[in-house]
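The following report looks at burial, sheet pairing and the surroundings of one strand residue. Please keep the sequence and the model in view while reading.

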Amino acid sequence: MGILRHIFIATLALCATACYDDFTPDIETEPVLCINSLITAGEPIEVRVSRTWLYSDTAKSNRSVPDASVTVYVNGTTAGEDYIAREGDSIRIVAESAVYGRAEAATKVPVAVPIVDVSFSLSDISIWKDFSNPRFMYADVHFDINAEMTLSDQAGADNFYRFSYTSFAKEYSTFYPGYFEYDAEPIFSEHEGVFESVMGYDSSGSTFFTDRQFAGDKYTLHLRFTYGGWRTQWSEEDEYADMNFDCGLEFTLSSISESYYNWLCYMWHTENGILGDISEIGLGAPLRGYSNVSTGAGVVAARTDTNYTLNLKEALKQALELND
């Protein structure tokens with residue numbers, strides 16, 4: 001399918017080569033206020049206010065709005081600068097400037113999604129180790145990680161989610177989780193159209209989804225990492241040797257606002273979708289940027305994170321036959 005995609009885009013680009021011409025756009029438009037804020041439950045609310053500018057405007061220094069005033073309303077009441085966002089909060093942000101006018105946007109902080117179960121296994125394991133000298137022992141393990149994470153969806157509402165992860169390891173060891181196989185979980189591609197699938201576009205880079213396929217029920221995410229590895233060295237006298245085996249993944253399952261989901265969809269279509277490709281080569285209208293701000297500039301979104309630590313320590317010790 002990927003070959004079809006490249007042939008299609010190359011053909012469009014060839015057809016468009018005679019359509020380009022240099023010109024200086026003469027656009028009469030007045031700058032307006034732009035509000036951006038990603039609100040996270042459990043953290044203070046940060047708001048960034050700027051003003052819009054033309055694409056051809058390269059003077060970044062004049063995009064600030066020195067006279068802007070910002071008011072944050074939480075559940076209808078004005079919130080102080082030190083307010084910590086909470087699950088279920090209805091938040092409205094209003095920005096005003098004597099020069100650029102007024103802008104506002106609203107969102108709701110989602111409720112956390114419960115992670116009811118996580119399981120994993122290592123496969124395709126290959127090991128190199130040298131325990132011949134108890135003062136300098138080495139281990140090098142390569143593997144794939146196959147994990148399953150089950151979430152429980154809240155009934156009676158349209159819910160939106162995003163999965164992300166980071167890796168961790170102790171100071172005297174190295175851990176690389178490998179390549180995350182986006183295609184291992186089909187729900188990550190639910191935002192794709194039929195034509196995009198036929199033309200070889202895939203969900204690479206996107207881990208956001210809705211509850212349309214499992215509303216009010218449980219759903220299990222299939223999370224696969226390939227070509228990962230872990231390496232360390234230790235000695236029998238090292239009292240911290242056992243800690244070297246602490247490594248793994250920090251999974252984050254975020255409940256996200258609809259505005260956040262819409263922005264992620266827009267970004268995917270711009271960077272990975274066929275509409276973005278057609279627009280880029282001049283055969284389609286530019287994709288209109290997503291915004292839920294009254295002026296059409298900026299995004300105010302919210303998220304609530306649920307975290308889970310996947311520690312590979314015991315699995316690695318078992319692979320090296322070091323369990324007590």
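A residue is called buried when its relative accessible area is under 20%, exposed when it is over 50%, and partly exposed in between, with a 1.4 Å probe and protein chains only. The model is predicted, and for that reason local features need pLDDT of at least 70 and side-chain atom pairs count only at pLDDT 80 or more, while totals for chains, interfaces and linings use all residues. Residues are numbered from 1 along each chain as its sequence is written, and side-chain values use heavy atoms, with hydrogens and water left out.

Three buried residues are tabulated here with their values.

| Residue | Relative accessible area |
|---|---|
| C247 | 0% |
| C265 | 13% |
| T210 | 1% |

A search of the whole structure for disulfides, meaning pairs of cysteine sulfur atoms within 2.5 Å, finds zero.

T210 belongs to strand β12, residues 208-210, where strands are DSSP runs of E with at least two residues, numbered from the N terminus. Its side chain reaches the backbone nitrogen of R212 at 3.2 Å. Leaving aside neighbours within four places in sequence, T210 is in contact (heavy atoms within 4.5 Å) with N159, F160, I187, E190 and Y261.

Elsewhere, four strands form an open sheet in the order β4-β3-β5-β6 with antiparallel pairing, two strands being paired if DSSP finds at least two bridges between them. Its edge strands, β4 (77-78) and β6 (101-108), each pair on one side only. Strand β5, residues 90-97, runs antiparallel to β6 over eight bridges, and I91 stands opposite T107 in β6.

Note on methods: A polar contact is a pair of N or O atoms within 3.5 Å; within protein, one must be able to donate a hydrogen and the other to accept it, and residues adjacent in sequence count only if both atoms are side-chain atoms.
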